[in-house]
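Thanks for coming. I have one model to go through, and I will take the whole chain before the details.

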Amino acid sequence: MFFSQAGARPRMWEASPSEHKKWVEVFKTCDEENKGYLSREDFKVAVVMLFGYKPSKIEADAVMSSVDLNTSGILLKEFLDIVRKKKEAQLYWNEIRHIFTAFDRHYRGYLTLEDFKKAFKQVAPKLSERIILEVFSGTNNFQE
């Protein structure tokens with residue numbers, strides 16, 4: 001999905017001036033007719049240029065449904081906000097992937113209970129085994 005679906009939201013992140021400039025340049029490049037906005041197709045091309053993939057119909061629909069009815073597309077300010085949120089989500093998921101990889105010591109693509117226990121012993125050595133088991137099993141009964 002285009003935006004984070006996890007319960008925890010990515011933290012606010014600000015683009016560097018050079019990154020912001022790049023986003024504006026991509027907007028201008030994709031707005032070939034200097035309309036002042038990006039059409040659905042223009043937006044798809046911009047995402048390919050910035051993120052290296054073509055957005056799905058669902059992603060494009062979600063973005064286009066948020067467009068002001070008085071305009072025919074995505075204005076620069078809206079585009080910059082969309083790209084910033086996408087970048088935040090990308091950084092958030094990269095961080096999660098990095099943490100998971102650190103826990104997945106045998107590179108299996110999943111965590112066993114033993115992997116989970118070892119990881120928690122390193123990051124929270126005083127946490128009770130009962131809580132670790134409940135977190136691993138996905139129950140919400142832990143109280144200490």
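How far apart do the end C-alpha atoms of residues 18–53 lie, and what part of the span is helix? The distance is 22 Å, and the span is 69% helix and 6% strand. Before going on, please note that this is a predicted model. I picked those residues since the UniProt record, an unreviewed entry, places the feature "domain: EF-hand" there, and again at residues 91–126. In that other span, residues 91–126, the end C-alpha atoms lie 30 Å apart. Helix makes up 67% of residues 91–126, and strand 0%.

Now the whole chain. The protein chain contains six helices and two strands. Read from the N terminus, the order is α-β-α-α-β-α-α-α. There are 144 residues, and 33% of them count as buried. As for contacts, take those with a separation of 6 or more: residues 24 or more positions apart account for 50% of them. The surface that the chain exposes comes to about 9,800 Å², with carbon and sulfur atoms supplying 55% of it.

Next, helix H4, residues 76–103. H4 has 28 residues, and at 1.5 Å a residue they should span 40 Å. The end C-alpha atoms of H4 are 41 Å apart, which agrees with that expectation.

Which residues of H4 are buried? Among them are Phe 79, Leu 80, Ile 82 and Val 83, and also the charged-residue names Arg 84, Lys 86, Lys 87 and Glu 88. Further along H4, Ala 89, Tyr 92 and Phe 103 are buried too. And what do the buried residues of H4 pack against? The partners are helix H1 (17–30), strand E1 (37–38), helix H2 (40–51), helix H3 (57–65), strand E2 (74–75) and H5.

Lys 86 deserves a second look. Its charged end sits over the ring of Phe 51, 5.6 Å from the ring centre. There is another lysine placed over a ring: Lys 35 lies over the face of Tyr 37, at 5.4 Å from the ring centre.

On to the aromatic residues. The structure holds four aromatic pairs. One of them, Tyr 92 with Trp 93, is edge-to-face, at 5.2 Å centre to centre and with 75° between the planes. Is each partner buried or partly exposed? Tyr 92 has a relative accessible area of 15%, so it counts as buried. Trp 93 is at 36% relative accessibility and therefore counts as partly exposed.

A further pair is Phe 116 with Phe 120, and this one is tilted: 5.0 Å centre to centre, 50° between the planes. The two residues are four apart in helix H5, so about one helical turn separates them. Both Phe 116 and Phe 120 are buried. Together with Phe 136 they form one aromatic cluster.

Staying in helix H5, residues 113–123, we also find Lys 117. Is Lys 117 buried or exposed? Lys 117 counts as buried, because its relative accessibility is 18% and the cut-off for buried is under 20%. Leaving aside residues up to four places away in sequence, Lys 117 touches Glu 129, Ile 132 and Leu 133.

Last, the loops. Which residue in the loop between H1 and E1 has a positive phi although it is not a glycine? That is Asn 34, with a phi of about 50°. Asn 34 has a relative accessible area of 66%, so it is exposed. Tyr 107, found in the loop between H4 and H5, also has a positive phi, about 55°, and is not a glycine either. At 68% relative accessibility, Tyr 107 counts as exposed.

One more loop residue is Asp 68, between H3 and E2. Asp 68 counts as partly exposed, at 37% relative accessibility. How far is the C-alpha atom of Asp 68 from that of Glu 78, ten residues apart along the chain? The separation is 9.7 Å.

That is the end of my list.

Key
Residues are numbered from 1 along each chain as its sequence is written. This is a predicted model: local features need pLDDT of at least 70, side-chain atom pairs count only at pLDDT 80 or more; totals for chains, interfaces and linings use all residues. Side-chain values use heavy atoms; hydrogens and water are left out. Buried means under 20% relative accessible area, exposed over 50%, partly exposed in between (1.4 Å probe, protein chains only). Contact means heavy atoms within 4.5 Å. UniProt positions are given in the numbering used here, feature names are shortened, and annotations may be inferred rather than shown by experiment. Accessible areas come from the Shrake-Rupley method with a 1.4 Å probe; for residues, only the protein chains shown count as cover. The expected span of a helix is 1.5 Å times one less than its number of residues. Rings of Phe, Tyr and Trp (its six-membered ring) pair if their centres lie within 6.5 Å; planes under 30 degrees apart count as stacked, over 60 as edge-to-face and the rest as tilted. A charge sits over a ring if NZ of Lys or CZ of Arg is within 6 Å of the ring centre and within 35 degrees of the ring normal.
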